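Biologist: I would like to learn to read helix packing and burial from a model. Can we work through one together?

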Amino acid sequence: MSNKEYRPTLAQLRTFVTIAENKHFGTAASKLNISQPSLSQALVALETGLGIQLIERSTRKVIVTPVGEELLPLARATLEAADAFVTRSRGALGVLSGTLTMGVIPTLTPYILPELLREAAKHYPDLKPLIVEEQTGALIEQLRDGSIDVAILAVPSGFPGMRETELFREKFVIVTPEDHPFAGRRDLSLDALGELDLLLLDDGHCLRDQIVDLCRIAHTGHPGNAEYATRASSLTTIMQLVVAGLGSTLVPESAVASECARPGLGLATFDASVTAERAIGLVSRPSSARAAEHQALGELITRAHARAVRKGKHLLPS
């Protein structure tokens, strides 16, 4: 007769499932890392509490009873649910797991994403990252309405009401046609921007705004007037325009390895005393309960960026 107040433990259910799957007490005990007497005691306790026989024992074979076969899928589902509960709880402690939707700006996605996904798979195999590539304004809107969990973009974003954590800063590199007088230089000042026909990304890209701000600081004028009417929607397109001799541009150092190895380009860097860089951060909703997970994600992003930068170091003037 079953005990109506009885509730099986996870250990007892795991014992039943392991015996049923292996059809051998010795093998089951070995897989659970317990002794055979302990295994038998757990099974007996389960069967006694339920008031039914789950496993039929004999000296030659182990047979799962018909009622055992009926209950086996439910036992498996219970164990899987318990494991999922533990996995998700780890996420609350900063262990990345489950689905995490990340928004990333286009001038960063192609350059750090390969390294980021490799790092994530290596250290957090239970994480299921979903990537959304959009410009800053669109990412902030999606954060606000809950469509994405975090955004990786240039900070400060200029949008109030968000939690922003700076992850790293990356320098800008000047890209010119290979025969340009600046090619190979590593001592340029901001004033040098005034001598370049700068090619810019379309409106809405934060990289465009950052280059415009540098020009304002250098008092070289606004590079977005008619003289600089050529614009593009990607850095890859701009690189082709530079190769064709239509102008020069600035790229973040994480993009150098991917965009600047092609023939026809020359690279130059600013003098060490010049501050020409952008800050990249992790942006999330203040109400999010996944702050510890976001911290772990930020560490992955920072490492991925460092690797992307190292890959392009040999292309820079030495």
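Modeller: This is a predicted model. Start with a pair of helices.

Biologist: How is the packing of two helices described?

Modeller: Two packed helices are described by the angle between their axes and by the distance between those axes. Here, take helix 1 (residues 10–22) and helix 3 (residues 36–50). Their axes come within 9 Å and cross at roughly 110°. Angles of 65 to 115 degrees count as roughly perpendicular, so helix 1 and helix 3 are roughly perpendicular to each other.

Biologist: Which residues of helix 1 and helix 3 meet?

Modeller: From helix 1, Q12, L13, T15, F16 and I19. They meet L39, A42, L43, A45 and L46 of helix 3. By class, this contact has 8 nonpolar residues, 2 polar and no charged.

Biologist: At what angle do helix 2 and helix 3 pack?

Modeller: Helix 2 (residues 25–32) packs on helix 3 at about 100°, with the axes 9 Å apart. That angle makes helix 2 roughly perpendicular to helix 3. F25, G26, A28, A29 and L32 of helix 2 make the contact with Q36, L39, S40 and L43 of helix 3. The classes here are 6 nonpolar, 3 polar and no charged.

Biologist: Which annotation covers residues 8–65?

Modeller: An unreviewed UniProt entry annotates residues 8–65 as "domain: HTH lysR-type". In the model, that stretch is 62% helix and 10% strand. Its end C-alpha atoms are 18 Å apart.

Biologist: Now burial. Is F85 buried or exposed?

Modeller: Look at the relative accessible area: over 50% counts as exposed, under 20% as buried. F85 sits in helix 4 (residues 66–92). Its relative accessible area is 61%, so F85 is exposed. For position, compare S38: the two residues are 47 apart along the chain, and their C-alpha atoms are separated by 26 Å.

Biologist: And H305, buried or exposed?

Modeller: H305 belongs to helix 10. With a relative accessible area of 5%, H305 is buried. Leaving out residues up to four places away in sequence, H305 touches I112, F168, R169, E170 and S254.

Biologist: Which other residues of helix 10 are buried?

Modeller: Among them are E293, H294, A296, L297, G298, L300 and I301. Further along, A304, A308, V309 and G312 are buried too.

Biologist: What span should the 22 residues of helix 10 have?

Modeller: Use 1.5 Å a residue. For helix 10 (residues 291–312), that gives an expected 32 Å. The end C-alpha atoms are 32 Å apart, which agrees.

Key
Residues are numbered from 1 along each chain as its sequence is written. This is a predicted model: local features need pLDDT of at least 70, side-chain atom pairs count only at pLDDT 80 or more; totals for chains, interfaces and linings use all residues. Side-chain values use heavy atoms; hydrogens and water are left out. Helices (H or I, at least four residues) and strands (E, at least two) are DSSP runs, numbered from the N terminus. The expected span of a helix is 1.5 Å times one less than its number of residues. Buried means under 20% relative accessible area, exposed over 50%, partly exposed in between (1.4 Å probe, protein chains only). UniProt positions are given in the numbering used here, feature names are shortened, and annotations may be inferred rather than shown by experiment. Axes are lines fitted to C-alpha atoms, for helices over the stretch in contact, and angles run from 0 to 180 degrees between N-to-C directions. Angles under 35 degrees count as roughly parallel, over 145 as roughly antiparallel, 65 to 115 as roughly perpendicular and the rest as oblique. Contact means heavy atoms within 4.5 Å. Ala, Val, Leu, Ile, Met, Phe, Trp, Tyr, Cys and Pro count as nonpolar, Asp, Glu, Lys and Arg as charged, and the others, Gly among them, as polar.
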